[in-house]
Amino acid sequence: MTAVNDMPLGSLGDTIVPDVEMDGTANGSGNSLVVPEDAIHTLGSRSRDLIKVIQKLEGLCIDATLPSLPKFVVVGDQSQGKSSIIEAICDIKLPRGPGTCTRCPYQITTSASKSGNTTWSCKVSLHRKHSYNPTYNAGRDLSNYDRWPQEDALNSVHFATISDRELLEDVLKRAQLAILNPAQDPAFFVTAQLLTDAKMQVGFSPNVVCLEIEGPDLPDLSFFDLPGAISYHSDDNQQHLVPFVSKLLKNYLRDDKALVLLACSADQDVENSTAFGLIGKCGAQARCMGVLTKPDLLVRSKFPYLHRILNGEQFRLANGWFVTRQVSQEELDSEQSPTHAEAGRREQAFFGEAPWSTTWQGFGNQFGIRNLQDSISKRLTFHILEALPEILGRVESRLHDIEAQLAQFPEKPHSASHAVIDEVQRVADVIIGHIRGDGLDNQFRTDYKQLLRALRKQFSDLCPMVVLDTPGYVKPSIDLLSDDEVDATPTPARQTPLQTPSKRSKGNNGRPIPGSAHSARALTETRALTETPRRAKLEQDDHTKTVFTLDQIKSALDRSSSSGLPGQVDPKVINHIIKQCLTSWHDLARGLMAGVQQLVSHMLGACIDTTLGTRRQTQLYAKTRKVIDEFVTQLLHQQADAVVGLVDDETYKPITYNSNLGELTELARSKLKKDRLCVRANEHYDTLEAKGVKVPKVQDRLSRPEELESKLGVDKYSREVAAMATPLMFYDLASTRLLDNIATHLERRFLGAAEDNLRDILRVSLRVTDEDYCVQLLAEDPEREALRARLLAEREKLSTALEELKGLPQRSMA
């Protein structure tokens with residue numbers, strides 16, 4: 001015989017008097033349980049708007065940007081009344097009976113019909129983010145599952161749309177079977193006749209059955225119904241499903257955007273709940289509310305236990321505990337199965353009786369499905385409000401990134417031919433602008449002029465030198481030079497034995513050979529008429545200037561003279577000396593053209609990248625670069641040959657009609673004569689000083705040049721000194737003339753030709769009037785086109801999301 005204390009509360013009526021004191025303030029016997037018909041809409045349209053926006057964001061499937069959105073997840077052990085709670089909230093019937101437990105997540109969204117619309121409808125779809133592979137091992141990846149590798153994109157399949165809620169139970173059975181048989185076409189399960197003996201390829205699945213329900217008086221909610229937690233499987237061959245279900249639940253519970261509803265049977269101890277243990281392990285207590293089901297099975301001895309739970313003294317959850325009483329399986333199986341409205345009235349009547357209306361009247365707002373609905377709606381609404389700034393920030397940030405990526409893609413043209421013409425024109429305009437030197441800061445023109453200035457400096461640096469030391473003279477061992485005399489470091493030079501045209505040595509091509517350097521005070525040279533800027537950067541080749549000694553010059557003049565008179569100079573010898581001074585000019589010209597080619601190549605590449613950077617993956621970019629490179633390279637080769645020809649002309653034979661040559665030569669001769677006198681004076685006085693004779697200071701030795709010349713006597717090398725004035729002067733004249741000729745030639749024949757012909761070359765080579773060919777030129781590679789398509793699709797979704805978020809009404813949550 002059952003003791004009274006152990007009898008279920010549903011059979012005790014009003015006669016039970018609790019044996020414990022209950023906390024809480026009474027607010028009238030049973031009055032707190034009277035809930036108005038529109039209780040689920042207490043938050044007004046603002047709550048509805050917020051929840052609808054989250055539902056729309058869920059439907060956009062922008063998981064990369066919003067991996068999680070505010071939601072409710074419902075968890076509980078199997079047979080704890082979890083499905084009954086969902087049925088009561090959503091006014092639906094879930095599959096029941098043997099083998100029909102929840103074996104995959106259900107995402108359920110509910111919304112109220114528009115005013116005056118009494119139609120009920122439900123759209124069912126399958127969201128498959130995981131494929132099935134029995135050999136797949138997730139390893140340490142906490143977010144993935146053994147046998148279920150995650151796909152790159154969500155595969156959403158529409159399964160069915162119904163308007164008769166009586167059909168939903170059958171549709172959901174079919175949808176779950178479609179999820180549990182991933183190798184079979186879902187369409188088969190929509191029309192299959194017999195489902196009773198249908199086999200399941202897998203026992204559980206991480207893929208989701210989605211329900212979008214709209215009907216009168218429904219709350220605006222979005223939540224996930226998860227499989228019941230299990231600690232053991234009856235089939236030894238299916239034990240792998242235990243950790244799978246545990247991992248599935250943990251992944252949802254760890255999501256900080258998920259509020260949790262825990263279902264536990266009131267007649268069982270909460271501490272024995274596997275689901276409650278998982279909530280603790282995942283740190284979800286702060287996001288969790290609990291609901292005790294089957295209160296009619298609660299025995300009197302459990303009263304204190306229930307009181308401690310409701311009062312937050314035991315198994316404390318941040319959002320508290322509720323108690324609901326749903327229709328039993330026996331009532332559902334009866335011929336007069338109650339309607340949703342009738343079930344609600346029965347629950348209200350149940351909590352309106354003792355002991356619920358008397359013993360626990362202070363907890364009345366925690367009893368009944370309507371209070372639970374109201375709390376869920378409020379919690380979810382405030383949860384969404386807290387998450388909105390982050391959601392908005394994520395969407396805007398990702399949109400910004402996508403816009404930046406799409407900016408690297410060109411816009412799709414209406415006419416490929418017109419697009420190519422426009423692109424060709426842009427490329428040509430930019431290149432020609434650099435050639436012309438348009439703009440205040442044209443680096444190409446600056447660098448180009450620098451190349452020519454560097455060539456001028458090279459000409460100056462390689463100006464020949466004459467060593468004016470008396471051949472055979474050796475300075476005495478005692479150095480009597482004044483401290484005031486400053487030696488200059490000579491430019492690296494090579495000594496050149498002069499050769500007459502008839503006795504030029506074979507194999508040397510008339511070029512000077514290396515020799516010894518002489519003291520700086522014995523060197524003299526004629527510099528360029530214009531000072532070279534120090535900032536010229538052109539690299540010099542390994543050239544050294546030609547150096548002539550007096551005995552070399554004398555030997556050349558003596559051997560080549562055909563005159564019977566002494567001291568005469570044969571003009572052929574002077575011409576030969578001049579040609580020897582110019583032997584490095586070909587190398588200098590070739591070095592200039594190599595520098596021009598490098599500079600132009602860099603400029604062209606930069607221009608093409610600037611104008612066609614967004615079309616880098618197209619044939620237009622590649623072919624434009626090829627056409628321009630070939631055109632400019634050919635032009636450069638032609639002009640390089642022409643520049644060498646200019647050097648050939650200049651070095652062929654010394655020619656000038658410059659009327660100032662005589663005057664300039666005389667100035668050079670005077671300087672050479674003065675420098676030679678200085679050298680002779682130093683040699684003379686150094687010799688005397690070595691013998692102990694007192695001699696003038698260095699700065700005073702040339703104070704009286706006439707007396708000094710008389711004292712030193714006739715210079716036996718005066719002919720040689722005078723003869724070198726013409727080669728030195730002509731070198732300056734010819735190098736200046738050659739530089740100007742090269743600059744003028746390149747300006748007209750290279751840069752000018754490129755400017756005049758570039759547009760036409762591009763138009764013809766790229767066949768800009770051939771529409772089909774232009775389509776090929778503009779085509780991206782398949783991978784890049786696919787990337788563009790993905791970015792555009794994602795941008796559209798994100799723009800929709802941003803529009804929805806910014807369209808939320810700004811009314812307060814009073």
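Colleague: Which helix gives the most to the lining of the largest cavity?

Modeller: Helix H20 does, with four residues. Please bear in mind that this is a predicted model.

Colleague: Which other elements give two or more residues to that lining?

Modeller: Besides helix H20 (725-765), they are helix H11 (416-436), helix H15 (585-612) and helix H16 (619-652).

Colleague: And which residues line the largest cavity?

Modeller: The lining consists of Ile431, Ile435, Val600, Met603, Leu604, Phe631, Val632, Phe750, Leu751, Ala754 and Leu758. By class, eleven are nonpolar, with no polar and no charged residues.

Colleague: How much space lies in the largest cavity, and how many cavities of 30 Å³ or more are there?

Modeller: The largest cavity holds about 60 Å³. The count of cavities of 30 Å³ or more is nine.

Colleague: Turning to packing, which residues touch the most other members of the largest nonpolar core?

Modeller: Ile431, Trp585, Ile628 and Phe750 do, in a core of 84 residues. Helix H20 again appears here, giving the most to this core with 17 residues. Ile431 and Phe750 also belong to the lining of the largest cavity.

Colleague: What does Ile628 touch, leaving out residues up to four places away in sequence?

Modeller: Ile628 touches Val427, Ile431, Leu604, Ile608, Leu758 and Leu762.

Colleague: Which residues does the second, separate core include?

Modeller: That core has 67 residues, and Val74, Phe189, Ala263 and Leu808 are among them. As general background, in soluble globular proteins nonpolar side chains tend to be buried together.

Colleague: What percentage of the protein counts as buried?

Modeller: Of its 814 residues, 48% count as buried. The secondary structure comprises 22 helices and 13 strands. If one takes contacts between residues at least 6 apart in sequence, 83% join residues at least 24 apart.

Colleague: Changing topic, how many disulfides does a search of the whole structure find?

Modeller: It finds zero disulfides. Cys90, for instance, is in no disulfide, and the nearest cysteine sulfur, that of Cys122, is 9.5 Å away. Cys90 counts as buried, because its relative accessibility is 0%.

Colleague: Why is there no bond between Cys264 and Cys288?

Modeller: The sulfur of Cys288 is the closest cysteine sulfur to that of Cys264, but at 8.7 Å it is too far for a bond. A disulfide would need the two sulfur atoms within 2.5 Å. Cys264 is itself buried, with a relative accessible area of 2%.

Colleague: On backbone geometry, which peptide bond is cis?

Modeller: The bond from Ala354 to Pro355 is cis, with omega near 5°. Pro355 is found in the loop between helix H9 (340-351) and helix H10 (369-406).

Colleague: What is the phi of Lys294, and where does this residue sit?

Modeller: Lys294 has a positive phi of about 55°, although it is not a glycine. Its place is in the loop between strand S8 (288-293) and helix H7 (303-310).

Colleague: What about the phi of Phe315?

Modeller: Phe315 is not a glycine either, and its phi is positive, at about 55°. Phe315 lies in the loop between H7 and strand S9 (321-323).

Colleague: Is Phe315 buried or exposed?

Modeller: Phe315 counts as buried, because its relative accessibility is 16% and the cut-off for buried is under 20%. Lys294, at 31% relative accessibility, counts as partly exposed.

Technical notes. Residues are numbered from 1 along each chain as its sequence is written. This is a predicted model: local features need pLDDT of at least 70, side-chain atom pairs count only at pLDDT 80 or more; totals for chains, interfaces and linings use all residues. Side-chain values use heavy atoms; hydrogens and water are left out. Buried means under 20% relative accessible area, exposed over 50%, partly exposed in between (1.4 Å probe, protein chains only). On a 1 Å grid over the protein atoms alone, a cavity is a set of points where a 1.4 Å probe fits but cannot get out, and a pocket is an open set with protein on both sides within 12 Å along at least five of seven lines; lining residues have an atom within 4 Å of a point. Grid points are joined across faces, edges and corners, and a volume is the space filled by probe spheres set on the points. Ala, Val, Leu, Ile, Met, Phe, Trp, Tyr, Cys and Pro count as nonpolar, Asp, Glu, Lys and Arg as charged, and the others, Gly among them, as polar. A nonpolar core is a set of buried Ala, Val, Leu, Ile, Met, Phe, Trp, Tyr and Cys residues joined through side-chain atoms within 4.5 Å. Contact means heavy atoms within 4.5 Å.
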